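Please walk through this structure in an order that begins with the chain as a whole and then turns to particular sheets, helices and residues.

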Amino acid sequence: MLRAPRVLVTGDDPLTHVEGIKVQAIAKFVGISLTVRSADTENGKLALPCLLANSQQVSGGNVIAKLLVAAHGHTLYPQAPYSFDKRYRAAQIDAWLDYSTAELQHRQKGKKDQATVVNSLTPLERALSAQTYLVQDTLSLADIVIALDIKLMASGVLSNKALANVARWYRTVLSHPHVAEYSGPITPTPAAPSSSSTSAPHAATNGISHGQATRGSEASTSQSTSQSSPQSAVHANGQQQRQERSKGKDADGQQQGQAKPKGKDAKGGKLAKNDVAKGQKKGGDKKEKPSQAPKGDAKKKKETKLGLAHSKQTSFGDWYSEVVVESEMISYYDVSGCYILRPWAYKVWEIIQRWFDDKIKEAGVENAYFPLFVTEEALKAEKDHVEGFAAEVAWVTKSGDTEMERPIAIRPTSETVMYPYYAQWIRSHRDLPLRLNQWNAVVRWEFKHPTPFIRSREFLWQEGHHAFATRQEAERETYQMLDLYAGVYEHLLAVPVCKGKKSSKEKFAGSLFTTTVEAFVPTNGRGIQGGTSHCLGQNFSRMFKIEYEAEDKTRQLVWQISYGLTTRTIGVMIMVHGDDKGIVMPPRVAPQQVVVIPIPNAKMTGDDKQAMAAKADELVQQLKSNGLRVTSDTRDNYTPGWKYNHWELKGVPIRLELGPKDMENKTVMLARRDTGVKEGVAWGDVAARVPELLEQIQGDMLQNRREEFENSIVELTSWDGFVKALDDKKMVRTPWCDEEEVEEDVKKNSASGDAMGAKTLCIPLEQPPLPEGTKCFRSGKPAKNWVLWGRSY
């Protein structure tokens with residue numbers, strides 16, 4: 001389909017032009033090369049834009065874009081074979097494409113007064129009020145197509161408060177590099193005013209381009225100062241302000257980690273006299289002596305410019321161990337494998353807990369609490385189950401100095417704690433379903449490579465345990481809980497996951513089958529199990545005699561599920577998003593989403609400093625009233641540069657700077673933690689722009705990591721290249737005969753050097769086509785499914 005050479009023929013009129021932009025942007029996404037020609041060079045009449053591919057002709061921007069995506073198999077549009085979820089997603093995208101053609105493109109040819117345009121965009125505003133993108137909270141073909149429609153139609157109306165969510169989404173989509181390359185800067189053009197339209201200056205101020213308001217570009221400054229609009233004035237003033245930033249303080253000049261607290265080191269201790277920067281004058285300018293790299297590999301402290309001794313790319317394990325401590329997430333405890341969760345980490349867990357707890361309660365789940373201890377008889381009631389945990393069970397054997405008559409286990413999980421009481425409570429079909437969850441801590445005495453958040457001897461989690469009358473109910477809710485786990489990772493943590501089933505070898509001990517969400521850390525090429533949901537079948541109900549009287553008066557065993565999510569989620573987030581400056585927090589789970597940093601200098605009067613402090617407090621309260629988590633750093637014994645580094649290390653998504661020139665110009669500077677991009681914003685626009693930017697950061701982080709995840713999968717149909725792919729830090733998808741002996745063989749023979757062998761991460765729920773006669777990549781036996789392999793934690 002659509003074989004090369006592919007020629008896109010477009011015209012000069014605005015509608016045809018934007019349709020051509022759509023096609024070029026989509027082609028960039030899917031990696032297809034296009035030759036673009038003007039209609040003037042073509043013979044005959046063509047309906048524009050038109051794609052010529054060999055003897056084929058396809059017209060219409062939306063139609064061409066969809067065909068390009070389908071031809072390449074890109075995730076912007078679902079590809080065959082179609083599951084129910086894929087069909088549903090495709091139908092939603094198609095509906096929005098119809099909206100684009102019938103409503104938006106029609107408007108481009110008709111009335112463009114603001115009231116009419118706002119009315120046309122109302123369906124978008126409603127759809128985007130609760131999600132980042134139009135379809136299932138993931139960037140799709142519909143987002144790109146409609147955002148470009150709006151750019152042509154009348155992006156100036158996005159200053160209208162009734163379209164706040166559309167404006168946020170519009171910036172997010174058009175800021176994607178592949179789109180921006182063809183669409184140009186995001187500078188709204190006002191629609192023709194109607195009687196109810198806002199004033200032009202207000203609209204222009206709201207249209208400040210975050211892509212343009214960056215520092216350090218002389219060309220950009222020159223261009224901005226030559227314009228007379230309020231937007232240009234804010235941009236130019238912001239540029240000038242950064243160049244004249246407080247000379248008595250280390251502001252941007254020390255952002256790379258050289259700034260230190262006055263009279264103290266980075267840990268808060270006093271500096272030696274010789275450590276004070278030479279050339280510093282009282283109350284005046286100070287010049288920082290260029291830092292010199294320490295000699296020898298053993299003295300690389302601060303080489304990453306944030307006080308971190310290790311780089312994520314070259315020393316991942318050491319980097320991770322260091323960053324979780326330096327960012328104040330954990331402290332090490334004097335019992336090996338146990339860690340103290342400091343407030344910064346526990347707040348993240350509380351946000352995850354609150355979101356998940358609300359979701360399961362909507363599904364009819366109730367919270368309860370069962371004791372920490374398990375009797376030996378109860379623990380051993382299910383043979384397969386106890387064998388799976390035997391090496392990890394911690395036992396209490398003494399009370400004071402006295403040996404206990406019967407040792408008591410500390411729960412590694414609660415099936416054997418809870419189910420004897422399910423047998424007491426469930427008597428009739430009227431007692432079903434029973435859905436209980438508990439938030440607690442469990443102990444698994446891990447001896448291999450304890451790692452903070454990832455593998456510890458005690459950890460926090462939730463564990464749900466449901467009982468049903470039928471297998472269908474149990475299986476349905478097993479997958480329902482799995483979907484919620486995927487939501488924790490993708491919606492909250494901006495970490496992409498693959499939903500799948502565990503192999504028989506890897507499934508939960510005693511279960512019928514186990515489903516999982518699998519994440520991946522590209523830096524070290526390790527897969528990591530994110531959360532599991534188990535269909536237990538009737539195995540436990542048989543052992544614990546959990547029976548009910550059915551409507552036909554017969555005695556039946558219940559069907560059960562269990563599922564658990566742990567503080568491992570936090571470790572995965574750090575591993576996937578962190579960098580050499582520290583943690584990068586997705587906004588939805590960040591304990592503080594914004595840090596406000598006033599930047600007074602020695603030349604300011606007392607009244608000026610008070611005014612700056614008052615304005616900073618006003619901005620904090622204004623953002624808090626919008627439901628954001630905001631703090632300010634007003635400590636006067638630290639330089640601005642040191643504060644920047646401190647909050648970057650902790651991962652706060654947005655830094656809001658307020659300096660002397662900002663006070664004069666009534667602006668602030670917003671700095672993104674994830675990209676470092678900065679933009680100037682007028683005071684009056686801060687309350688609207690900051691929430692919008694937080695959503696954009698959240699969406700960008702997920703989209704970037706999703707592309708990284710997909711690029712980390714290599715598909716092979718034979719053993720050749722399997723170990724090399726693993727050594728290249730990839731996951732491998734192969735056809736497989738689904739036999740445990742083959743799984744063991746692969747693990748044994750894929751170990752190389754110090755690297756562990758691969759195991760099955762999961763059997764993905766969304767399976768590529770498996771043609772009849774396909775052989776297992778390792779055994780040569782008939783393949784039963786595609787499986788994802790990888791080295792893992």
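Contact here means that heavy atoms lie within 4.5 Å of each other. With that in mind, and remembering that the model is predicted, one can begin with helix H11 (residues 316–326), in which Phe-316, Trp-319, Tyr-320, Glu-322, Val-323 and Val-324 are buried. These buried residues of H11 pack against strand E5 (330–332), strand E14 (513–521), helix H18 (568–577) and helix H20 (640–650). Just after H11, Glu-328 adopts a positive phi of about 65°.

Taken as a whole, the protein chain contains 24 helices and 27 strands, and of its 793 residues 53% count as buried. Among the contacts in the chain with a separation of 6 or more, 71% are accounted for by residues 24 or more positions apart.

A single residue of such a pattern can be followed in helix H3 (residues 84–109), where Ile-93 lies. Ile-93 has a relative accessible area of 0% and is therefore buried. When neighbours within four places in sequence are left aside, Ile-93 is in contact with Leu-76, Tyr-77, Pro-78, Val-135, Ser-140, Leu-141 and Ala-142. One of these partners, Leu-141, is 48 residues away along the chain, and its C-alpha atom is separated from that of Ile-93 by 7.1 Å.

Which residues are in contact with Thr-451, once its neighbours within four places in sequence are left aside? They are Tyr-320, Tyr-339 and Ser-456, and Tyr-320 is one of the buried residues of H11 described above. Thr-451 itself is found in the loop between strand E11 (434–443) and strand E12 (458–468), and because its relative accessibility is 16%, under the 20% limit, Thr-451 counts as buried.

The next element to consider is an open sheet of 3 strands, arranged in the order E8-E10-E9 with antiparallel pairing. Strand E8 (373–375) and strand E9 (394–399) are its edge strands, each of them pairing on one side only, and the twist from one strand to the next averages 50°. Between E9 and strand E10 (residues 402–410), which run antiparallel, there are 5 bridges, and the bridge partner of Trp-395 in E10 is Ala-409.

Another open sheet is built from 5 strands in the order E20-E19-E21-E22-E23, and its pairing is mixed. Strand E20 (630–632) and E23 stand at the edges with a single partner strand each, so that one side of each is left without a neighbour in the sheet. Neighbouring strands of this sheet are turned by 25° against each other on average, with direction ignored. Strand E19 (residues 594–598) and E20 run parallel and are joined by 3 bridges, with Ser-632 in E20 serving as the bridge partner of Val-596. H20, whose direction makes about 175° with that of E19, packs on the sheet and touches E19, E20 and E21. H19 lies across E19, E20, strand E21 (654–658) and E22, and runs at about 150° to E21.

At the other end of the strand order, strand E22 (residues 667–672) pairs with E23 in the antiparallel sense over 5 bridges, and Thr-667 stands opposite Ala-682 in E23. E22 and E23 form a hairpin with 5 residues between them, and Gly-676 in the turn has a positive phi of about 85°. Is the edge strand E23 (residues 678–682) buried or exposed? In E23, 5 of the 5 residues are buried, so the strand is largely enclosed by the rest of the structure. In a regular strand the side chains alternate between the two faces of the sheet. In E23, Lys-678, Gly-680 and Ala-682 point one way while Glu-679 and Val-681 point the other way, and all are buried.

The remaining step concerns a pair of helices. Two packed helices are described by the angle between their axes and the distance between the axes. Helix H19 (residues 606–625) and helix H22 (residues 686–710) pack at an angle of about 60°, with their axes 10 Å apart, which means that H19 is oblique to H22. The crossing in which H19 passes H22 is right-handed. On the H19 side the contact is made by Leu-619, Gln-622 and Leu-623, and on the H22 side by Val-686, Ala-687 and Val-690. By class, this contact of H19 with H22 has 5 nonpolar residues, 1 polar residue and no charged residues.

Note on methods: Residues numbered from 1 in each chain as written. Predicted model: local features only at pLDDT ≥ 70, side-chain atom pairs only at ≥ 80, totals over all residues. Heavy atoms only, no water. Axes fitted to C-alpha atoms, helices over the stretch in contact; angles between N-to-C directions. Helix = DSSP H or I, 4+ residues; strand = E, 2+ residues; numbered from the N terminus. Parallel < 35°, antiparallel > 145°, perpendicular 65-115°, else oblique. Left-handed = near helix turned anticlockwise from the far one by under 90°. Nonpolar A, V, L, I, M, F, W, Y, C, P; charged D, E, K, R; others polar. Pairing = 2+ DSSP bridges. Buried < 20%, exposed > 50% of the residue type's maximum accessible area, 1.4 Å probe, protein only.
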